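Here is a short briefing to read alongside the coordinates. It moves through backbone details, the sheet, the cores, the cysteines and the aromatic rings.

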Amino acid sequence: MSEIWIQEEQLNAEFHEMVGRYIRLEGPIDSVYFISETMESDDDRDEQRDFLLAFLIKQDRYPLYLTFLCDDMMAEEFEKEFNELGIEYSYELLKEKQAYYTFFKRVTYHPRCFTLPIKDARTLSLALEHTFYLANMNEFYSLSYSKNLNFELKRVKEWGRWKNVSIPIFKTEEDTTFITIFYDGAGFFLFSNEDRYSSIQEVCSTFPEDSKVVQINDRLLDI
């Protein structure tokens, strides 16, 4: 059984700093929640992934668009895996430039942005099994019920130095619902303009049957 903490968030500067990666919303959003599996184990990252998978399967809504970023070396392996598994995908090269070092030289590359249009629970399970470790590594990773995401190159200051960064921008239309992952894969943020997620009680009603809510905001529940 999964034990769940759900918290309603406010769209303020503190929240945007917590979400990270300079995520921007293009338009209003009605509701945002942080949801995390709280049971401790030797590998709680797998439990976070497993709960996210169970939650998405319970929603039973497709297509669901999985988007993530990776470097060029990892991209070749993903293409091979997706082709072998029969998972549909597309990708684009972002304008941002990153670098890694070999023994002989510095290699620059453009991050690869993969999008997987997921149409059933089997494909969803395979996709998360083979890609969710990127979220654990704090690479950008999101899931959305619409194609509402694009990236823009922006100049930002990090650790006293200016750099060009790919900024994820979500267009928040009337029926928007999408998910981004918290640091180290330790939970996720649910953003929505839909009635079905308009309150904590509504969201909890969509949790899998074998889960138990143990904390709502700052209040621990009797269990």
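Pro 63 sits in the loop between H2 and strand S4 (64–70), and the bond that joins Tyr 62 to Pro 63 is a cis peptide, with omega of about 0°. Keep in mind as you read that this is a predicted model. The points below are grouped by topic, starting with the backbone.

**Backbone details**

- Asn 138 is not a glycine, yet its phi is positive, at about 70°.
- The loop that holds Asn 138 runs between helix H5 (133–136) and strand S9 (141–144).
- With 32% relative accessibility, Asn 138 is classed as partly exposed.
- Asp 184 is another residue other than glycine with a positive phi, in this case near 60°.
- You will find Asp 184 in the loop between strand S12 (177–181) and strand S13 (188–192).
- Asp 184 has a relative accessible area of 37%, so Asp 184 counts as partly exposed.

**The sheet**

- An open sheet is built from 10 strands, and following its order gives S5-S8-S4-S9-S12-S13-S3-S1-S14-S15.
- The pairing in this sheet is mixed.
- Why do strand S5 (90–93) and strand S15 (219–220) each have one side without a neighbour in the sheet? Both stand at the edges with a single partner strand each, so one side of each is left free of a sheet neighbour.
- Inside the sheet, S4 and S8 run antiparallel to each other and pair over 7 bridges.
- To locate this pairing in the model, look at Leu 64, whose bridge partner in S8 is Ile 118.

**Nonpolar cores**

- The largest nonpolar core has 41 residues.
- Which members touch the most other members of this core? They are Ile 35, Phe 68, Tyr 141 and Leu 143.
- Helix H2 (residues 44–59) supplies the largest share of this core, with 5 residues.
- A second core, separate from the largest one, has 15 residues, including Phe 34, Leu 69, Cys 113 and Phe 140.
- Ile 35 is a handy residue to centre a view on: neighbours within four places in sequence aside, Ile 35 is in contact with Ile 4, Trp 5, Ile 6, Phe 51, Gly 187, Phe 188, Leu 190, Val 203 and Phe 207.

**Cysteines**

- How many disulfides are there? The count is 0.
- For Cys 70, the nearest cysteine sulfur belongs to Cys 113 and is 9.1 Å away, whereas a disulfide would need the two sulfur atoms within 2.5 Å.
- Cys 70 is buried, at 3% relative accessibility.
- Cys 113 is likewise in no disulfide, and its nearest cysteine sulfur is that of Cys 70.
- The relative accessible area of Cys 113 is 3%, so Cys 113 is buried.

**Aromatic pairs**

- Across the whole structure, a search finds 29 aromatic pairs.
- A pair of aromatic rings is described by how far apart the centres are and by the angle of the planes.
- Trp 5 and Phe 34 form an edge-to-face pair, because their planes stand at 80°, and their ring centres are 5.3 Å apart.
- This pair links distant parts of the chain: Trp 5 belongs to strand S1 (residues 2–8) and Phe 34 to strand S3 (residues 31–37), 29 residues apart.
- Trp 5 is partly exposed, with a relative accessible area of 24%, whereas Phe 34 is buried at 6%.
- Phe 68 and Phe 114 are stacked, because their planes are at 15°, and their centres lie 5.2 Å apart.
- Phe 68 in strand S4 and Phe 114 in strand S8 (residues 112–118) are 46 residues apart, so this pair too links distant parts of the chain.
- Both Phe 68 and Phe 114 are buried.
- One aromatic cluster has among its members Trp 5, Phe 15, Phe 34, Phe 140 and Tyr 183.

**Charges over rings**

- Arg 61 lies over the face of Tyr 145, with 4.2 Å to the ring centre.
- Arg 112 lies over the face of Tyr 91, with 4.3 Å to the ring centre.

Conventions
Residues numbered from 1 in each chain as written. Predicted model: local features only at pLDDT ≥ 70, side-chain atom pairs only at ≥ 80, totals over all residues. Heavy atoms only, no water. Core = buried A, V, L, I, M, F, W, Y, C linked by side-chain atoms within 4.5 Å. Buried < 20%, exposed > 50% of the residue type's maximum accessible area, 1.4 Å probe, protein only. Helix = DSSP H or I, 4+ residues; strand = E, 2+ residues; numbered from the N terminus. Contact = heavy atoms within 4.5 Å. Phe/Tyr/Trp six-rings, centres within 6.5 Å; stacked < 30°, edge-to-face > 60°. Lys NZ or Arg CZ within 6 Å of the ring centre and 35° of its normal. Pairing = 2+ DSSP bridges.
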